[in-house]
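Ready for a walk through a protein? Open your viewer, keep the selection tool at hand, and follow along one stop at a time.

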Amino acid sequence: GSLLYLDALGAGFPRALARHGTALLHWSPGCPRRPAGWLLPTLYCTPAPAGALPSRATALRVQLLFALRQRSLHVLEAGLPAELHDALAALHTEWPQLAQELALGRLSPQPGLPEGLRVQLQALLTPDAARAAELRAECARGFEGIVRRLWPQLEVVVVGSAHGTERIYCDALCQADCQGLPFYCPFYRAAGALLGVNLWPEEPVPQFLLCPDWAFCEFLPCPAAEESQTVLLDELWEGREYGLVVTAQPEEYRCCAGEVLRVTGFHKQCPLVKPVRRESQTLNVRGESIPEERFCQTLGRALGLWPGARLIDYICVESSLLGDSSGPCAPHYEVFVELQGLRDLSEGQRYKLDQCLQEDFPVYKSFRFKGSIGPLRLHLVGVGAFTRLREALGSPVPMPRVLREEQLLRLIQSSVIS
């Protein structure tokens, strides 16, 4: 897979394979995870131990510091779009300290950074007053297009996931910090297995070529009927959706990956697919089954009715997780959002999302009319709430959209401001 990635990257962006021309932003606690271009370790200017720190925030900040010292970057690579989003959010607030560390060639002590490793990483830094001055000057101008201004030779942003609701982060970055830069998602992974590769780095919407030798895949036609049988790669139809069933290694049991794929075409008889949704992230309190990607679309439509509001992040909770704290009411959804441009939500704005859900989902509207599902409750959380939530998840996984754990629920509830 890595060879195919490097070939596609080099063909689309000729300078992308330059020595030390790629910076990595990826948290892999405990042990460094292989980056996309691991077959060419000389690509990376980021020391591998920086990503294995126990603290996500500290790991991303240290990696950002090493990226900043390398002005001639051609590729910025992030394991997940949210990691790039959060690293750049740290740049917004900590650029004076980062500039000072660049100027002095030192790495400040910080939580989650063992002293021995701090000394080891600091030995790789050298004082660079000119680069520090450039960082101060560019950040003082504002952060719109900051990535291109700090790294003028940058050609592409590589991310480990850019489909489904992960597009929220990609779109936000494209509109602000990463203006003018293409995003490339090279791989499709599911159930711990590498299943497909994107050979078209310059295309804005990723589609993945399923490689038959990487894992044994079966496909369950959607919507699944009672007597549905799985089909194989050579039996897929363009335009149809399938649930994914994977056997990643010989002698392993088959497992439903919980992913739904849409076949978008074929390349030399191999199917091209686009991941559509994660079945585990479906909202369902009365059998209404609102899929992840369609809820996100409805939320976006509701936000369009709130002048000046821009979505930063969101997560949902089914009222069953709330227990007695939800009060004596019918089952319902609670939605937590972080917004830019709004500091408070009126009752009318809160109602708009429930109204849009009723317009988009007739079954939900029917249950609401009968009182079997209660009105949706919308909460606004403070800046940084979702960054803390991603830290608490404990591993670098795509952002869940339906919370299933009480501990994480308490964390997001503690951040509510309206």
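The face of helix α5 that is turned away from its buried side is our starting point: select A129, A130 and A140, the exposed residues found there. Bear in mind as you look that this is a predicted model.

**Stop 1: the rest of α5**

Now select residues 129-140, the whole of α5, with its 12 residues. From first C-alpha to last, α5 reaches 16 Å, close to the 16 Å expected at 1.5 Å a residue. Next, colour R131, A132, E134, L135, E138 and C139, which are buried. Why do they sit on the same side of α5? Because they cover an arc of only 160° around the axis. A general rule helps here: an α-helix has 3.6 residues a turn, so residues three or four places apart point the same way.

What do the buried residues of α5 pack against? Show α2 (56-68), α3 (81-104) and α6 (146-150), and you have their partners. Before leaving, click on G142, which follows α5 and has a positive phi, near 115°.

**Stop 2: the sheet**

Turn to the strands. Four of them form an open sheet with parallel pairing, in the order β1-β2-β3-β4. Select β1 (22-25) and β4 (183-184) at the edges: each has a single partner strand, so one side of each is left without a neighbour in the sheet. Then add β3 (residues 156-159), which runs parallel to β4 and is joined to β4 by two bridges. To see a bridge pair, pick V157 and its partner in β4, F183.

**Stop 3: the cores**

Select L84, L91, W151 and L195, the residues with the most contacts inside the largest nonpolar core, which has 65 residues. Which helix gives this core its largest share? That is α2, with eight residues. The core also draws at least three residues from each of domain 1 (1-185) and domain 2 (207-278).

Zoom in on L195. Leaving out residues up to four places away in sequence, its contacts include Y188, L209, W214 and V246. For a second, separate core, of 30 residues, select I290, F295, I373 and V402, which are among its members.

**Stop 4: Q413**

Finish in helix α12 (residues 406-413), where Q413 lies. Q413 counts as partly exposed, at 33% relative accessibility. Beyond residues up to four places away in sequence, Q413 touches L322 and F336. Try a distance label to V381 too: V381 and Q413 are 32 residues apart in sequence, and 8.1 Å apart in space, C-alpha to C-alpha.

Key: Residues numbered from 1 in each chain as written. Predicted model: local features only at pLDDT ≥ 70, side-chain atom pairs only at ≥ 80, totals over all residues. Heavy atoms only, no water. Helix = DSSP H or I, 4+ residues; strand = E, 2+ residues; numbered from the N terminus. Expected span 1.5 Å × (residues − 1). Buried < 20%, exposed > 50% of the residue type's maximum accessible area, 1.4 Å probe, protein only. Arc of directions from axis to C-beta. Contact = heavy atoms within 4.5 Å. Pairing = 2+ DSSP bridges. Core = buried A, V, L, I, M, F, W, Y, C linked by side-chain atoms within 4.5 Å. Domains from an automatic or database assignment.
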